[in-house]
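Please walk me through this structure, from its helices and core to the contact between its chains.

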Amino acid sequence: MTPYDIYDYDVLIIGAGGAGLRAAIEAAATGVSVGLICKSLLGKAHTVMAEGGVAAALANVDERDSWKVHFTDTMRGGQYLNNWRMAELHAIEAPDRVRELEAWGALFDRTKDGRILQRNFGGHKYPRLAHVGDRTGLEMIRTLQDHGIHSGMEVHMEHTIITLLKEGDRVTGAFGYEREKGRFVIFRAKAIVLATGGIGRAYKITSNSWEYTGDGQSLAYHAGAELMDMEFVQFHPTGMVWPPSVQGILVTEGVRGEGGILLNKEKQRFMFQDIPELYRNQTADNEEEGWRYTQGDRQARRPPELLTRDHVARCIVRQIKEGKGSPHNGVYLDISWINSKLPNAAEHIRKKLPSMYHQFIKLADIDITKEPMEVGPTTHYVMGGIRVDADTQMSTTVPGLFAAGECAAGLHGANRLGGNSLSDLLVFGKRAGEYAAKFAREHTHASVSEATVATAAKAALAPFERTKGENPFQLQYDLQEMMQNLAGIVRREDELQQAMEELKKLQARAEEVKVSGNREYNGGWHTALDLRNLLTVSEAVARSAIERKESVGAHFREDYPTKDTTGAKYNLVAAKGADGAMQIRREPLPPIRADLQQIIEEMK
Amino acid sequence: MKKATFRIWRGDANGGKFEQYTIDIAEGMVVLDAVHQVQAQQANDLSVRWNCKAGKCGSCSAEINGRPKLMCMTRLSDLPLDQPVLLEPMKAFPLIRDLVTDVSWNYRAKKMIRPFKPRKPDAADGTWRMDQADIDRVQEFRKCIECYLCQDVCHVLREHQLNNVFIGPRLLVYSASLEMHPLDVEDRLEALKKAHGIGYCNITKCCTTVCPEEITITDNAIIPLKERVADRFYDPLKRIFRFLRSKTSSLKH
């Protein structure tokens, strides 16, 4: 038998952000045993950084809102490449998931009549985001954490999974290490939920934390699961650009929701110059109307700053390329201008956007109530991920393996709307937990492959045995620099092909990394082990981006600047071929149910 | 290029020493950037805990020139760089390695506090009504990012190691956020007095001074809790009066 500690659970959840915690709570509530693995400490996962709010058609602020409008907004924002069933479930169930948080202690900001307040956000027709100032993610993760610790789950903090274990097709466990001593650990489970978040650390400029190395996508892929839509990486339009050390840190869309405007160095509101056809009817055609919208005028249409993130990010890039950017290669985001509109504007801004105020004063010496911020696009989110069944969240190809939240694909199509991520992880976290528990009740424990464990352990320790080799941090920097330059916000065939060449070299170099010291809390070793995941997801992004020869949603091809002229509609699926190489295939969009198509037509 | 020198604690529970590292610095750098640069270029195996690098997750707590701070929110331009910057792990917790400490006690202690228990919903659809004015003070407590700097600086925990009888400022703030939650009906006063040792706090306000979220820990959370405990256990007349007053005020609604 292996010399490692072994834990047995009915359901093992890998990842302890919003989706993982919500899945764990749901699974534990059904009475099965649940283990929850956190890469960091509990409550520190990336959900904590979500700012603007959670989208749900509660209709507290505007009674014209309903799940149907939310569904349509989500599909339109995703350029109709979304999985329509997931978009339907998400829009219908999000309000209950938000109200449930209140029953668990969350304190959202209130309307005048004491209900949950909702704010405007890009691509949402009505004020829809339940929020707590600009720290909604913290409120959510803390609520789930404080509720979850009393639900019977066992929490393994600072553990990282390096491979999934299978018997036949079915997933039966996971193998990883704990950070403190560097000891290996085996988890046996009847069902596993992946909730590991995104891939932002594959890029140099990112709003994502160190944990976001594509672990779930990569673990699933190597275990035989399919990845989908990996070409769709969201670059959030507004990240900090100055000083250099804070480059990429998120500036919430809530700034624009509260009336913030985008300006170039000539002080022009350039967003009015390019309003896409799909949104023309919903967008203000003058500044005054845009302002009235942000102040709750129900007859007004939204300002162009609140168009979808893919579009706003591209408009910003264009301004910078045309030489109209700000001194540090960004544009201006100005909320201080509302001083001319509101009495006590400074106080209002500090109340509505407290962490933005704090962040800019502390890190950039900018008082956002008095002067504009400098912002530019930052890697923020991946729409693509593990391909799953819409209702159960189980992998399309690996029985017993579930995925929820950012690491799963489908809901957001080609572009995610702000606020739909927090609702995504609640709705589908719950579903993944529920169906994983059901799967666990219907199956018994199966053996885990000792050979796989032995191979993984040996590979993981190899960097210690090399007397010479590469610095893992340097390799990660080189990968990030390369992806930023060759597979970023604006893409071209020749650059993407070059990215593939560079990836081959980086993969070879990754086989030669060397780490020093011992296995205890060794940052170099952890970075070395994360490299495989980063390289796998980067390859999936680059290959998919080459294959989609059109511009749609977040995927912009300079050499194919329009949508596919033949009208072909498909998702791209990445899977490991028999020879071990990554294969990309086109999967035609499944036909949408007639009643849902009708809803979309009615709201055009 | 400008340079700065850091003396960083390297070692584990068995001992260690300060190592000196000199790096190039750029405009706007924070201490965590400097630590990352040291880790990437000079000491790959340096142990440091961090996540968001934006002051939102509370992972990178350490003692910078002897002061408990978040490394990601401490700018080099605010430190005297004509001498080495001293970087040490938090002292109130057992050392794991280098700048990383074992903060798991906070998680175990939190689990002992009775969880949120709401009153019956106010509306037929199962929802509640709350005025913003009534939740403002609890929202202050809920800003807490659990960095545990307040625990680190609390002399009851730091000097006297009384963590078996005292839950510390972070968890008193947590208790206050539950006790003052408009919907909560659970009773935690007896536990606060006995198992959680609120009496050990003698209001030196060190916790409030170090809180990166600027939560007024002592004045807004701990003192009101102390008053509630005192009212319950040390002043029976006042208790009856308060009980009657709460009845009449609830009738007015």
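Two residues are taken to be in contact if their C-beta atoms, placed from the backbone, lie within 7 Å. The structure is a predicted model, and the description below starts with one helix of chain A.

Helix α1 of chain A covers residues 18-29. At 1.5 Å a residue, its 12 residues should span 16 Å, and the end C-alpha atoms are indeed 16 Å apart, so the expected and actual lengths agree. The helix is mostly covered, with 11 of its 12 residues buried. The buried residues of α1(A) include A:G18, A:L21, A:R22, A:I25 and A:E26. Among the elements that cover them are β1 (5-14), β2 (34-37), α4, β9 (184-194) and α11 (420-442) of chain A. After α1(A) comes A:G31, which has a positive phi near 100 degrees.

One of the elements covering α1(A) is α4(A), which can be examined in the same way. The 13 residues of α4(A) should span 18 Å at 1.5 Å a residue; the end C-alpha atoms are 18 Å apart, which agrees. Because 13 of the 13 residues are buried, α4(A) is largely enclosed by the rest of the structure.

Another element covering α1(A) is α11(A), and this helix also packs against α3(A). Two packed helices are described by the angle between their axes and the distance between the axes. For α3(A) and α11(A) the angle is about 95 degrees and the axes are 9 Å apart. Angles of 65 to 115 degrees count as roughly perpendicular, so α3(A) is roughly perpendicular to α11(A). On the α3(A) side the contact involves A:L89, A:H90, A:E93, A:A94 and A:R97, and these meet A:S423, A:D424, A:L426, A:V427 and A:K430 in α11(A). The residues of this contact divide into 4 nonpolar, 2 polar and 4 charged.

The next topic is the nonpolar core. In soluble globular proteins, nonpolar side chains tend to be buried together. Here the largest nonpolar core has 250 residues, and the members that touch the most others are A:V11, A:I192, A:V193, A:F402 and A:A436. The largest share of this core comes from α15(A), which gives 12 residues. Around A:F402, leaving aside residues up to four places away in sequence, the contacts are A:A191, A:I192, A:V193, A:L194, A:Q393, A:M394, A:S395, A:A432, A:Y435 and A:A436.

Helix α8 of chain A, residues 309-321, has 13 residues and reaches 18 Å from its first C-alpha to its last, close to the 18 Å expected at 1.5 Å a residue. Its buried residues are A:R309, A:D310, A:H311, A:V312, A:A313, A:C315, A:I316, A:V317 and A:Q319. What covers them includes the strands β11 (233-240), β13 and β14 (373-382) of chain A. Just after α8(A), A:G323 takes a positive phi of about 80 degrees.

Several loops of chain A deserve a look. The loop between β11 and α6 (254-257) contains A:P243, and a cis peptide bond with omega of about -5 degrees joins A:W242 to A:P243. In the loop between β13 (331-334) and α9 (345-352) sits A:W337, which counts as partly exposed because it has 14 C-beta neighbours inside 10 Å. The C-alpha atoms of A:W337 and A:T369 are separated by 8.3 Å, although the two residues are 32 apart along the chain. Between α14 (493-510) and α15 lies the loop that holds A:Y521. Phi of A:Y521 is positive, near 35 degrees, in a residue other than glycine. With 25 other C-beta atoms within 10 Å, A:Y521 is buried.

Chain B has 10 helices and 7 strands. Its C-alpha atoms fill a box of roughly 70 × 40 × 30 Å along the principal axes, and 45% of its 253 residues are buried. Of the contacts in chain B between residues at least 6 apart in sequence, 61% join residues at least 24 apart. In the loop between β3 (61-64) and β4 (67-70) of chain B, B:N65 has a positive phi of about 50 degrees although it is not a glycine. B:N65 is partly exposed, with 16 other C-beta atoms within 10 Å.

How many residues does each chain bring to the contact? Chain A gives 48 residues and chain B gives 47 residues. On the side of chain A, the elements that give two or more residues are α3 (84-103), α4 (136-148), α10 (354-364) and α15 (523-547). The most come from α4(A), with 5 residues. The residues on this side of chain A divide into 18 nonpolar, 15 polar and 15 charged.

Technical notes. Residues are numbered from 1 along each chain as its sequence is written. Chains are lettered from A and ligands numbered from 1 in the order in which they are written. Helices (H or I, at least four residues) and strands (E, at least two) are DSSP runs, numbered from the N terminus. Ala, Val, Leu, Ile, Met, Phe, Trp, Tyr, Cys and Pro count as nonpolar, Asp, Glu, Lys and Arg as charged, and the others, Gly among them, as polar. A nonpolar core is a set of buried Ala, Val, Leu, Ile, Met, Phe, Trp, Tyr and Cys residues joined through C-beta atoms within 7 Å. A residue is buried if 20 or more other C-beta atoms lie within 10 Å of its own, exposed if 12 or fewer, and partly exposed in between; C-beta atoms are placed from the backbone. The expected span of a helix is 1.5 Å times one less than its number of residues. Axes are lines fitted to C-alpha atoms, for helices over the stretch in contact, and angles run from 0 to 180 degrees between N-to-C directions. Angles under 35 degrees count as roughly parallel, over 145 as roughly antiparallel, 65 to 115 as roughly perpendicular and the rest as oblique.
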